[in-house]
Amino acid sequence: MSAPRSAYVHIPFCHRRCFYCDFAVVPLGDKARGESAPGSATIQAYLEQLRAEIALSPEGPPLATVYIGGGTPSLLTPKQIGVVLEALRDRFGVQSGAEVTLEMDPASFDQSDLDALLSHGVNRVSLGGQSFDDAVLERLGRRHRRTDLIQCCQWLDQALQAGSLRSWSLDLIRNLPNQNLEGWRDQLEQGLMVAAPHLSIYDLAVEVGTVFAWRQARGELSLPDDDLAVELMALTSDRLSRAGFCRYEISNYALPGHASRHNRVYWSGSGWWGFGMGATSAPWGERLARPRTRESYANWLETQLVGLDPSLRAESAKSLPLDDRLLVGLRRREGVDLRQQAEACGWTDAVCDRYLPLLTARWRSACERGWLIHEQGRWRLTDPEGMALSNQVLVEVVSWWDELPDHVAVRSSP
Ligand code: SF4
């Protein structure tokens with residue numbers, strides 16, 4: 001496994017928790033913004049922790065992709081984002097031409113903030129739009145409204161046209177309560193109208209402990225059924241492909257030249273660094289999820305001063321486990337070459353011949369239903385049916401993996 005060239009940094013702060021969100025976030029309310037705001041002391045203290053964690057990391061080659069996500073990273077001032085990027089430059093260096101993405105919330109920045117962020121080295125923005133419908137935004141617990149979103153899209157488009165921004169992406173949420181084909185078609189048209197060159201479209205998932213879970217328990221959520229969900233996804237694929245977008249992963253659509261390079265790292269089996277509360281890293285094949293609260297993250301950081309987690313050291317490098325490779329690889333348009341992936345994990349011909357057919361037998365029904373196809377040596381989900389019902393294919397991978405003998409389901413050295 002080659003040394004990681006990508007880093008994810010988690011900024012956990014949000015104004016408030018959206019009603020569907022179970023991420024590792026710290027709601028700061030209106031005290032959040034600006035260096036003299038009351039929330040700033042909290043942010044400053046966290047930035048110090050981040051800098052300490054990045055400085056503790058073993059050295060590595062210059063980074064080709066950086067992704068600052070959250071939370072709401074755009075609650076930080078451009079200068080504070082600059083501090084994070086500087087810490088990465090100090091530890092690893094950042095390649096010229098690297099992709100540097102920042103997640104931004106439409107209610108948390110203006111055009112001068114955007115200009116300042118670009119001058120600090122951000123060159124790709126992922127905008128958390130979620131919906132162009134004010135009533136929906138209200139029900140999701142979002143702070144911004146349609147006019148904020150349209151304004152932000154205009155600033156991003158202008159920066160793209162001017163060449164100061166390399167690309168940007170718009171997030172939209174689908175499969176919302178009471179959503180129908182007409183309403184979703186209108187959302188897609190608005191997404192195309194604002195000229196986003198990349199769209200990330202996520203289906204609503206009702207997570208335990210959220211306001212949405214509580215509403216669901218009270219029978220107040222009328223979510224689209226499976227048939228409508230498939231139709232919504234088919235509509236998405238059809239409309240976006242006619243607009244020139246390629247669906248390069250289950251949730252991601254890009255115009256030519258605008259696919260996220262950082263996303264590809266996660267899906268390609270390469271390693272990445274991760275920093276911050278709740279962040280996951282896998283620099284050398286083994287995943288490490290950091291604690292999800294500020295206090296437990298601070299305690300964990302203390303332990304790292306005494307002895308770095310083994311997963312962060314090159315000596316403990318392992319290949320990514322085969323089940324992970326398949327679960328991630330099947331989400332991509334190009335799918336997976338099963339045998340090639342197994343061999344990359346150290347499986348011999350005899351082990352492949354004995355155990356891979358057990359998985360392909362499990363997939364037979366999905367193939368018969370047209371959800372999964374095998375062509376030119378690769379297995380891939382069909383679009384839209386297979387991608388809409390991907391869980392039914394992926395769950396077979398999990399069951400197959402669980403039933404393998406222990407000596408087979410192990411990870412090899414790279
Ligand atoms: S802004 Fe994003 S991370 Fe923050 S609470 Fe809302 S959905 Fe979660």
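**Overall architecture, central sheet and local backbone features**

Buried residues account for 39% of the 414 residues in the protein. The model described here is a predicted one. Its secondary structure comprises 16 helices and 15 strands. The radius of gyration is 22 Å, close to the 22 Å that the globule rule gives for 414 residues, so the protein is as compact as a globular protein of that length. The C-alpha trace spans about 65 × 55 × 45 Å along the principal axes. Among contacts with a separation of 6 or more, 71% are made by residues 24 or more positions apart.

Two domains can be followed along the chain: domain 1 covers residues 6-268 and domain 2 covers residues 322-409. Their centres, taken over C-alpha atoms, are separated by 30 Å. Where the domains meet, 11 residues of domain 1 are in contact with 11 residues of domain 2. On the domain 1 side, the elements that give two or more residues are α8 (226-242), β9 (246-249) and α9 (261-268). Helix α8 provides the largest share of that side, with 5 residues. By class, the side of domain 1 that touches domain 2 holds 8 nonpolar, 1 polar and 2 charged residues.

Turning to the sheet, 9 strands form an open arrangement with mixed pairing, in the order β9-β10-β8-β7-β6-β5-β4-β1-β11. Strands β9 and β11 (273-275) are the edges, each pairing on one side only. From one strand to the next, the twist averages 20°. Within this sheet, β7 (residues 167-174) and β8 (residues 198-203) run parallel and are joined by 6 bridges. R174 stands opposite D203 of β8. Helix α5 (residues 146-162) packs on the sheet, where it touches β6 (124-130) and β7. The direction of α5 makes about 160° with that of β6.

Strand β7 also holds L170, a residue whose surroundings are worth a closer look. L170 counts as buried because it has 27 C-beta neighbours inside 10 Å, where 20 or more are required. Leaving aside neighbours within four places in sequence, the contacts of L170 are L127, G129, C153, G191, V194, A196 and L199. A195 lies 25 residues away from L170 in sequence, with a C-alpha to C-alpha distance of 9.5 Å.

A195 itself has an unusual entry among the backbone angles: its phi is positive, about 65°, although the residue is not a glycine. A195 sits in the loop between α6 (181-193) and β8. With 15 C-beta neighbours inside 10 Å, A195 counts as partly exposed. A positive phi, near 50°, is also found at Q376, again a residue other than glycine. Q376 belongs to the loop between β14 (372-375) and β15. Here the count is 7 C-beta neighbours inside 10 Å, so Q376 is classed as exposed.

Cis peptide bonds complete the picture of the backbone. The bond from G70 to G71 is cis, with omega near 25°, and G71 is placed in the loop between β4 (63-70) and α2 (78-91). A cis peptide bond also joins D383 and P384, with omega of about 15°. P384 is located in the loop between β15 (378-381) and α15 (385-388).

How values were computed
Residues are numbered from 1 along each chain as its sequence is written. This is a predicted model: local features need pLDDT of at least 70, side-chain atom pairs count only at pLDDT 80 or more; totals for chains, interfaces and linings use all residues. Domain bounds come from an automatic or database domain assignment. Two residues are in contact if their C-beta atoms, placed from the backbone, lie within 7 Å. Helices (H or I, at least four residues) and strands (E, at least two) are DSSP runs, numbered from the N terminus. Ala, Val, Leu, Ile, Met, Phe, Trp, Tyr, Cys and Pro count as nonpolar, Asp, Glu, Lys and Arg as charged, and the others, Gly among them, as polar. The radius of gyration is taken over C-alpha atoms; the globule rule is 2.2 Å times the number of residues to the power 0.38. A residue is buried if 20 or more other C-beta atoms lie within 10 Å of its own, exposed if 12 or fewer, and partly exposed in between; C-beta atoms are placed from the backbone. Two strands pair if DSSP finds at least two bridges between them. Axes are lines fitted to C-alpha atoms, for helices over the stretch in contact, and angles run from 0 to 180 degrees between N-to-C directions.
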